[in-house]
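The following exercises concern pairs of oppositely charged side chains. Please work through each solution step by step with the model at hand.

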Amino acid sequence: MSSSPASVQMEEVQRRALSLLSSSGLAQDVKAEVQAMAAILLPLSEKYRHLGVEAMLRENMACRNTQEVLESLSRLVKALSILEKYGCNLTSPARPRYWRSVKHNNPVFKTTVDAIKGGRTVLFLYGYTNQQIDGLSFPDDVSEPDTAKVAAVTLEVMTLRTEVDMLVKGTHPHPENFRDIIPFIIQQGQLVPDAVVIPLGDEQQVVKPRVPSLPPKPTLGPGGQPLKPSTVSNCNLCGTSSSLVCPSCENQTFCDECDNVFHRHPSRANHKRDKIHKTQQGICTICGISAVHAQCSTCVQMLCENCDKLFHSHPDRKGHNRTFVTPAKTSSLSLSPWECAHCTTVNEMRAVLCSTCERPRLATAASTAQESPMSVPTSPNTEWQCQSCTVVNQGSSILCEVCERPRLATRPPVAPLPSSPGSLSDSGTKWMCEFCTYVNTNPTVVCEMCNLSCKDSAGVSLPQSLQQTPSSAKEQPTLRVKPQPKPRVDVEVKRQKMMREDGLHLVQQIREAEKRGVSAEEVYAAICMCGGSNTNPCDWLTSELPHLLDEICAMAASVQVERDGEEAEPSGPSGTGEGGKLSRAEAKLAWLSAGGDTDRAVRQLLRDRQVKMKELHSLGFRDVLRCEEALRLSGGEVKGALSLLQRPLLEPFHQRIWIDQPEPPIDPKHPDKQRMCRRLLALYELPSWGRCELVLSLLQEPGVTYSLDDVVQAVKVSPDKDFIKRLLINECPCCLSIFPRSKMQSLTSCQCSVCHECFGQHFTITVRDKHIRDMVCPVCREPDINDPEQLDSYFSTLDIQLRNCLEPDVYELFHKKLTEHALMKDPKFLWCCHCTSGFINDGDQLKVTCPSCRRSFCAQCKKPWEPQHQDLSCEQFQQWKRDNDPEYQRQGLAGFLRDNGITCPSCRFQYALTKGGCMHFSCSQCRYQFCSGCNNPYHKTVCKTPQCSYTGLHAHHPRDCLFYLRDWEPSRLQALLQRCGVEFNTDPSNGTQTDACCVMEQKDEEGQQIDSPCGLQTQPGQAGLCEKHYREYLVSLINAHSLDPSPLYEPNELIRTCERYLVDTQRADNEDDNGYNARLLKKLMEVPLGEKVPRNK
């Protein structure tokens, strides 16, 4: 850029604008700088470094007149505004979400940026260089736009938009920079629009000059020459003052009303009309009616007397210098009221038609005298009939809707009927009616169609037999009796009725043809061929159309032979067109497209065949005869012909596909490696060629034991060769065999994987022979069945895995056990004490009957039902049995321990067993593992108890649980009972001492749990029980009376129990042993006893 002051100013303003736009991205922040840059006088090449402004303006200004230039500039302003927004979005710190792409299908983009030339070039400068299917986008490797470049281009777009907008508005300070670029618009530094575009159906839009002080310029014609005053004075239709000239209509001039009607026709709707600038100096510039009274040099206005008084009465215009002039006399018809030449009515000066008779302003008396009295309307809204075509038009229309002749135009002269030189007799008998254009054959003076007589005074259209000389008229005046014509309304009704009947007849024919599967186009073409005969189009299509199509094929074949220079006899009309390789289907399509014209159908058929042959040749089929035969057999369809031509080429492939021999297996050691890879791609749908080569390399390794399917499945997972080998080599922990990972299965509760066979066998045996809680992992025995939440989620996923690996009967048994497991959670579920069945008890009676064994028992104490239990509680019934039942008395404390046996806290199943021995009890019904002394669960892994880190099998027992009290001596337990005043037995109930303990207990023999008597030696003073069961008897009394064993603890037991309950055992300073033990005992007794310990017996 040069170092001129304007260039320095441009650089300074541009630098400041770039800084503001790059930081904020808002157009309003740089509005002042853009206005300043647009006003700087610099050549366009120096002002715009990135944009090719001159080329863009020249490409978008290819116009014929000023109005088109203005419209192009307006479109350019809109497009630049949209491009400006794209640039501001890219420079903004908060860019839109989809800033990387610009879609072409955006309606705003289509009507603005794509409507001008050079719009996409600006987007390319922004960075949208990647061409997509539906638009432009930034390249994938570009993460951020070049903000500096985008800001510079955006500033130039904003500056150009501002300059073009100023050019349109006429406020540009330096329009001479665009003199050689924008045609028509830069004329002596001002904008002078000279054209008006009136679109179809819209109001007239007149572009007025922006500078009212300039004198109006003469109206230019199509050649650029000023129009003569005579050409712009009167309208060609109505004769009033014209305001528009149409170059497309041979420079005819129109007033506003006539132009609106005349150019409403679709064939003239797109005509461009030029505005005629009036140069009348004697008309007021405000009202445009009255003569000039004064001319004001201050406001450059010529005003009449009334407008001058009103306009200069404003305080701001009272001091204007005005020169009073005398208006020149004028004889213009548009400046004064006018008198109708027909009815002598005085009309207003602006009226086009007479308010009484509605005749044009310049209609003469001679023209009105020739009109028929019936054509004169009685009111402005009365319909009028065109004298040329007899169509009834609306009263407000000026031109006829059909022939477009003026309302009061006379009938055109009727041309004589053309005849041959030798047909003098015909010319003397035929004549054409000038009203309805019907050709009459009878020698009458009245038309046979409209019943009107001929009024041609010259006798041109009258037959020679009806033309009479004046002498004959004098001799026979009575022969020229004029018949009375019928009312004109009857003629119109008759014509409309005929048109309606013809239309209804055509619609009926089309509907009948559609029922028979014939299209409307075929009906139309058949009617054209039938002419005026009464033949049904559908019947003609069935009987005559095939012969016509054969004739068209034969004509086309003969024309084709003549073009090729061959002499061949074309086939006759009865042929099928085989000699020219043309089908009836092609001929029918060509005949329909030609509208039934045979010659046009032949030409269209040849053109279509040539296009189809070129298409087949472009696809590689060069044999002309084979292509023509294929087109004939396919009915002219290219797709069908292509299928017929490709069938011989695909025959070897089809034979290889449908061969009965099985497909040979894929050999990894085959020498043709590419063939094996192609087969792998086709059969196994591998993602790439490299994966196929990887499959072959794995199968070619020495000592391979895995199959092709296993390798393919592993290669689909990953392309890593080492990882694939790890997937292919996995050892089953059950059968110790090697399997690929795809043939291994694992549970969701652990990471163990076993083969499909072991997985199915394990769960099949478990479902058939074991409890449902034994259905855990065969390797790690997970998950923990005692956790209810984990149990429910585990069985829901296990059901999905077992659905496909178990036999149908085994899977049904699994669902049955799963249902029973869910029913056991119901509070109304009861186990029968006689059998192993369970059921839902909906009643509220103590006596219930098992639906399986039909035996009764008590619903509360689960003892067999006896009549003595009626109307007695369970405690009262047990006491009655101790007092009255000899068998119960004979059993002594063994029966007591049996009645106070083990009850599962999970399913509430009762066991007539003692609690001695191992305290870890497993319910045979629900597999719930718990302590038989306190009913607390046993945990195989880490439990949910706070501060518990033990991971093995364990349970948390309270201090009054048999788990701890069974280690006490019987005398110590008796001392606790005696301290609390609880009675206990030391002698057998029947007074006899037995040698062996007969208490029933659960024993583990050869891996099975069975119920059998204890059998240990009894001791005297222990109520006929062994020492173990006697301790259990004493502990049951302690638990039944909720006795706390803490007062009998030794100091070491007290400290150990406090540590188990997390009681602070820190000894205070100078605290003696008695005080320390008393304090610990007090804190320990504040800890509650076991909540689940049985205490109600």
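**Exercise 1.** Determine whether Arg1031 is buried or exposed, and identify the salt bridge that Arg1031 forms with Glu969.

Solution. Arg1031 is buried, with a relative accessible area of 15% (buried means under 20%, exposed over 50%, partly exposed in between, with a 1.4 Å probe and protein chains only). Its partner Glu969 is partly exposed at 44%. The two side chains meet in a salt bridge at 3.6 Å, N to O; the criterion is a side-chain nitrogen of Lys or Arg within 4 Å of a carboxyl oxygen of Asp or Glu.

This is a predicted model, in which local features need pLDDT of at least 70 and side-chain atom pairs count only at pLDDT 80 or more, while totals for chains, interfaces and linings use all residues. Residues are numbered from 1 along each chain as its sequence is written, and side-chain values use heavy atoms, without hydrogens and water.

**Exercise 2.** Characterise the salt bridge between Glu522 and Lys588.

Solution. The closest N and O atoms are 2.9 Å apart. Glu522 lies in helix 16 (residues 520-530) and Lys588 in helix 19 (residues 584-593), so the pair ties together parts 66 residues apart in sequence; helices are DSSP runs (H or I, at least four residues), numbered from the N terminus. Glu522 is buried at 9% relative accessibility, whereas Lys588 is partly exposed at 30%.

**Exercise 3.** State how many salt bridges a search of the whole structure finds.

Solution. The search yields 27 salt bridges. One of them joins Arg16 and Glu33, with the closest N and O atoms 3.4 Å apart.

Notes. Helix = DSSP H or I, 4+ residues; strand = E, 2+ residues; numbered from the N terminus.
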